[in-house]
Amino acid sequence: MPIYHSTEQLYDCLQTLFTRILSESPDGLDSLSDSKLIFRFECTVPQGEFTINGRVKPVETHFGPTSIKPVLDIVLPADTL
């Protein structure tokens with residue numbers, strides 16, 4: 001049985017995670033900015049994608065398709081993520 005039942009639930013969980021990291025530790029994502037990488041996670045079951053832009057500070061997250069070109073593209077089931 002999948003953990004995420006919909007793309008919206010997946011996005012809500014990820015947004016909550018990033019919001020919590022930034023509120024509890026404002027420098028918690030600095031290593032992503034330091035890397036200067038752009039990661040795109042393409043999830044299956046449910047379908048969805050999100051991008052983490054480490055080229056800006058603070059790090060930006062985008063849920064859903066975006067025109068930002070990733071440096072690293074990762075495809076995996078949402079439950080594995």
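**Exercise 1. Partners of β1 in β4**

Task: In this predicted model, find which residue of β4 is the bridge partner of Thr-44, and state in which sense β1 and β4 pair.

Solution:
1. Start at Thr-44 and look across to β4: the bridge partner there is Pro-77.
2. Move to Phe-41, whose bridge partner in β4 is Ile-74.
3. Take the two strands as wholes: β4 covers residues 72–77, and its pairing with β1 is parallel, over six bridges.

**Exercise 2. The other side of β1**

Task: Determine how β1 is joined to β2, and what lies between the two strands.

Solution:
1. Strand β2 spans residues 48–53 and runs antiparallel to β1, with six bridges joining them.
2. One position to check is Phe-39, which has Ile-52 of β2 opposite.
3. The two strands make a hairpin, with three residues between them.
4. In the turn, Val-45 has a positive phi of about 50°.

**Exercise 3. The sheet and its surroundings**

Task: Give the strand order of the sheet, name its edge strands, and decide whether β1 is largely enclosed or not.

Solution:
1. The order is β3-β2-β1-β4, an open sheet of four strands with mixed pairing.
2. β3 (60–63) and β4 are the edge strands, since each of them pairs on one side only.
3. On average, neighbouring strands are turned by 15° against each other, direction ignored.
4. Helix α1 packs on this sheet and touches β1, β2 and β3; the direction of α1 makes about 20° with that of β2.
5. For β1 (residues 38–44), count the residues under the 20% cut-off for burial. Five of the seven are buried, so β1 is largely enclosed by the rest of the structure.

**Exercise 4. Salt bridges**

Task: How many salt bridges does the structure hold, and which residues form them?

Solution:
1. The count is three.
2. Asp-73 pairs with Arg-40, with 2.5 Å between the closest N and O atoms. This pair links distant parts of the chain: Asp-73 belongs to strand β4 and Arg-40 to strand β1, 33 residues apart. Asp-73 is partly exposed at 40% relative accessible area, whereas Arg-40, at 18%, counts as buried.
3. Asp-30 and Lys-57 meet through their side chains at 3.8 Å, N to O. Here too distant parts of the chain are linked, with Asp-30 in helix α2 and Lys-57 in the loop between β2 and β3, 27 residues apart. Relative accessibility is 24% for Asp-30, which counts as partly exposed, and 58% for Lys-57, which counts as exposed.
4. Glu-24 pairs with Arg-20, the closest N and O atoms lying 2.7 Å apart. Both belong to helix α1 and are four residues apart, so about one helical turn separates them. Glu-24 is exposed at 56% relative accessibility, and Arg-20 is exposed at 53%.

**Exercise 5. Aromatic residues**

Task: How many aromatic pairs are there, and which residues form one aromatic cluster?

Solution:
1. The structure holds four aromatic pairs.
2. One cluster is formed by Tyr-11, Phe-18, Phe-41, Phe-50 and Phe-63.
3. Phe-41 was met in Exercise 1, as the bridge partner of Ile-74 in β4.

**Exercise 6. A loop proline**

Task: Locate Pro-26 and decide whether this residue is buried or exposed.

Solution:
1. Pro-26 sits in the loop between α1 (7–24) and α2 (30–35).
2. Its relative accessibility is 63%, so Pro-26 counts as exposed.
3. As a distance check, take Gln-47, 21 residues away from Pro-26 along the chain: the two C-alpha atoms are separated by 30 Å.

Definitions and conventions. Residues numbered from 1 in each chain as written. Predicted model: local features only at pLDDT ≥ 70, side-chain atom pairs only at ≥ 80, totals over all residues. Heavy atoms only, no water. Buried < 20%, exposed > 50% of the residue type's maximum accessible area, 1.4 Å probe, protein only. Pairing = 2+ DSSP bridges. Phe/Tyr/Trp six-rings, centres within 6.5 Å; stacked < 30°, edge-to-face > 60°. Axes fitted to C-alpha atoms, helices over the stretch in contact; angles between N-to-C directions. Contact = heavy atoms within 4.5 Å. Salt bridge = Lys/Arg side-chain N within 4 Å of Asp/Glu carboxyl O.
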